[in-house]
Amino acid sequence: RRGPASAPSSGAAEKVSLDWGFWNQGTDGNKMWADLAAKVSTVDPNITVTVTAPPFADYFTKLQSQLASNSAPCIVSMQSLRLPAFAQAMEPLDDLMAKQGFKADEWNPAALKALKRDGKQYAIPYGISTMAMFYNKDLFMKAGVAEPQPGWTVAQFQDAARTITAKTGKPAFGQSFSDLHMFSFLLAYNGARPVSDDGTLQLTDPKMIDAFTWYSGLSTKEKVALTPASSSDVPWGEQQFVAGNAAMAVDGTWNLSSDAKDAKFNVGVVTIPVASGGVSSYSANSGFGISKSCKNKEAAAKAIAVLTGADAQKQVAANGTLPARIGADAAFYEGLAKNYDAKNPGYSAQAKAVVDQSSKTATPFIPTQRWDQTTKAIAREFILAYTGNQPADTTLQRVQSAS
């Protein structure tokens, strides 16, 4: 099999083999993407796409080494949060995808923007996600608290959290180290942003100190939050929510289907509560780009056009991922309705309302180039603030210095 650095095609009849790197999507997801890779050959019999799916924990570490040694797959799967660290080794797609009939107005604009760097498109998105507040409908009912509605406030959240914690004996909110999850809540609180417009880390900004003091205070002061057990429990809040140990947690809309499937209670979803100056959510997504080392870039662009095409996006939607193509999202909500509305009436409509409202003001999360190092420092230091062993401002200063 010809590798990613093989000689370019010299004629239309020459066979082209493309490697495609993607992190593991689970049994169903891996099968779906393998089927879509095979569909590329149906569209163009001269192109064969072979997908490899290492564990997510290994994917970006391996990709970094591959890109540095010019041995990366031709087709590269990329998260918007990690794009700043990888863009220099990827090919801008604007001209390549234009030749494939790409039309920006067919896509969610936030999804495209999140995968841009310096005005250039480096990946074509297959999904779009904003952040939302997921809640346990059963615990809200048990506590006698009315279910929240889109547009609710931080004050209403705090009132609900105090009542639920007092009446159910379970912490109302699950705290998290996850960047999108935690920083989206801080953004909603007062507009605090960890990274400036010019890409500079700004964790010691007064707004961030104010917001993080409030967030860490949910456990130390308000006593309404479930604190991560250790610094290794990065997705703590969202996992504890699905397990039924916390009544609320911030999570991505990419889990609208999986959370409803995995939880043993009726799941509700609402916009993140906003206070004065806050913005409802960050957005993030993933997509497919082309490595600079790829010698068959036009063939790779043709493959990406198939992998993100209208038919592929409908399959992605049916598999439980909110698609980036505007015209395919109906299939996603139809899938939610089919799978969950009978047991949890109105869940699909609730999900759509939340996605629609949060998308109106969502801003793409664009991190620094050293973001992985920052997230490691966050997990190490933030648990000290959540447990009351270190002041919030000192915690932020230590992460800023370590990054």
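Q: What is the strand order of the open sheet of five strands, and what kind of pairing has it?
A: In this predicted model, the order runs E2-E1-E3-E13-E6, and the pairing is mixed.

Q: What makes E2 and strand E6 (124-125) the edges of that sheet?
A: Count partners. E2 and E6 each have a single partner strand, so one side of each is left without a neighbour in the sheet. That puts both of them at the edges.

Q: How do you know that E1 pairs with strand E2 (residues 47-52)?
A: Two strands pair if there are at least two bridges between them. Six bridges join E1 to E2, so with that cut-off they count as a pair. The two strands run parallel. You can follow the contacts residue by residue: Val16 stands opposite Ile47, Leu18 has Val49 as its bridge partner, and Asp19 has Thr50.

Q: What makes E1 and strand E3 (residues 75-79) a pair?
A: Here the count is two bridges, and at least two are needed, so E1 and E3 pair as well. They run parallel, and Trp20 of E1 stands opposite Ile75 in E3.

Q: Why is strand E1 (residues 16-21) called largely enclosed?
A: Buried means under 20% relative accessible area. Six of the six residues of E1 are buried, so the strand is largely enclosed by the rest of the structure.

Q: Which residues of E1 show that both faces are covered?
A: In a regular strand the side chains alternate between the two faces of the sheet. On one side of E1 sit Val16, Leu18 and Trp20, and on the other Ser17, Asp19 and Gly21. All of these are buried, and that is how you can tell that both faces are covered.

Q: What kind of unit do E1, helix H1 (residues 26-43) and E2 make?
A: Together they make a β-α-β unit, and it is right-handed.

Q: Is Phe22 buried or exposed?
A: Phe22 lies in the loop between E1 and H1. Its relative accessible area is 2%, and the cut-off is under 20%, so Phe22 is buried. As for its surroundings, the C-alpha atoms of Phe22 and Asp58 are separated by 11 Å, although these residues are 36 apart along the chain.

Q: Why is the link of Cys74 and Cys294 called a disulfide?
A: The two sulfur atoms have to be within 2.5 Å. Here S to S is 2.1 Å, so the pair passes. The structure holds one disulfide, and with 90° about the S-S bond this link is right-handed.

Q: Why does the pair tie together parts that are apart in sequence?
A: Cys74 is in the loop between helix H2 (56-68) and E3, while Cys294 is in the loop between strand E13 (286-290) and helix H12 (297-307), so the parts tied together are 220 residues apart in sequence. Both cysteines are buried.

Q: How many residues line the second largest pocket, and which are closest to its centre?
A: About 390 Å³ of space lies in this pocket. It has 18 lining residues, and Arg193, Ser196, Asp197, Pro364 and Ile366 are the closest to the centre. The lining divides into seven nonpolar, four polar and seven charged residues. Strands E4 (116-117) and E14 (363-364) each supply at least two residues of it.

Conventions: Residues numbered from 1 in each chain as written. Predicted model: local features only at pLDDT ≥ 70, side-chain atom pairs only at ≥ 80, totals over all residues. Heavy atoms only, no water. Buried < 20%, exposed > 50% of the residue type's maximum accessible area, 1.4 Å probe, protein only. Helix = DSSP H or I, 4+ residues; strand = E, 2+ residues; numbered from the N terminus. Right-handed = clockwise from strand over helix to strand, strands pointing away. 1 Å grid on protein atoms, 1.4 Å probe; cavity = no way out; pocket = protein on both sides within 12 Å on 5 of 7 lines; lining within 4 Å. Points joined across faces, edges and corners; volume = space filled by probe spheres on them. Nonpolar A, V, L, I, M, F, W, Y, C, P; charged D, E, K, R; others polar.
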